[in-house]
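Student: I am new to this structure and would like to begin with its core and its sheet. May I see it?

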Amino acid sequence: MMEGRPFRRRPSREHFQAPPRSFLVLGGGPAIHGRRVLVSGHGPLAEDGTPAGPFGSVPADVSAADAMHSARLTALAVLAGVRRAVGDLDRIGAWLTVRGFVNAEPGYEQTTAVLNGFSEVVLDVFGPDIGGHARTAIGVAALPLDLPVVVAAELELA
């Protein structure tokens, strides 16, 4: 396995470091059904695979900027999980949907901006042809482990 090694699908402004397998997978790891890769319940992970803070709701406990960073870390965790499931990110033919949940205070209207952090990583790694995706960004009253962001996605194998 390539856990802990940087990966890049295409030239990128940053090197992405994939976190190791999480000690806790929210909802299970990616499942493969035919050409579909279903990803559920990923949150931000630290370099050691533990849930990454800050924790709490946006914007009361976690700033919008910190929540966006959590969304980026969530993308890296998803990429690492997908790579473990399919063996090589080059097998991904398309990102279809991303469903993002933001631990948000009532009335918080910037959930889309928070989830931009996730989408930016996917688009940077895969480019718009493969990484372009439909996305939903929903504010919720609570998330597991008091995480600020949790994401589910559906991808297609090439």
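Student: Which element gives the most to the largest nonpolar core?

Tutor: The largest nonpolar core has 35 residues, and Val82, Ile92, Trp95, Phe118, Phe126 and Leu155 have the most contacts inside it. Such a core is a set of buried Ala, Val, Leu, Ile, Met, Phe, Trp, Tyr and Cys residues joined through side-chain atoms within 4.5 Å, where buried means under 20% relative accessible area (1.4 Å probe, protein chains only). Two or more residues come from each of strand 4 (36-42), helix 1 (64-86), strand 5 (92-103), helix 2 (111-131) and strand 7 (149-157). The element that gives the most, with 9 residues, is helix 1.

Student: How should the model and its numbering be read?

Tutor: This is a predicted model, in which local features need pLDDT of at least 70 and side-chain atom pairs count only at pLDDT 80 or more, while totals for chains, interfaces and linings use all residues. Side-chain values use heavy atoms, without hydrogens and water, and residues are numbered from 1 along each chain as its sequence is written.

Student: Which strands are the edge strands of the open sheet?

Tutor: Strands (E, at least two residues) and helices (H or I, at least four) are DSSP runs numbered from the N terminus, and two strands pair if DSSP finds at least two bridges between them. The open sheet of 5 strands has the order 3-4-7-5-6, with mixed pairing. Pairing on one side only marks strand 3 (31-33) and strand 6 (134-140).

Student: Which residue of strand 4 stands opposite isoleucine 32?

Tutor: Strand 3 and strand 4 run antiparallel, joined by 3 bridges. They form a hairpin with 2 residues between them, and glycine 34 in the turn has a positive phi of about 65 degrees. Opposite isoleucine 32 stands valine 37.

How values were computed
Buried means under 20% relative accessible area, exposed over 50%, partly exposed in between (1.4 Å probe, protein chains only).
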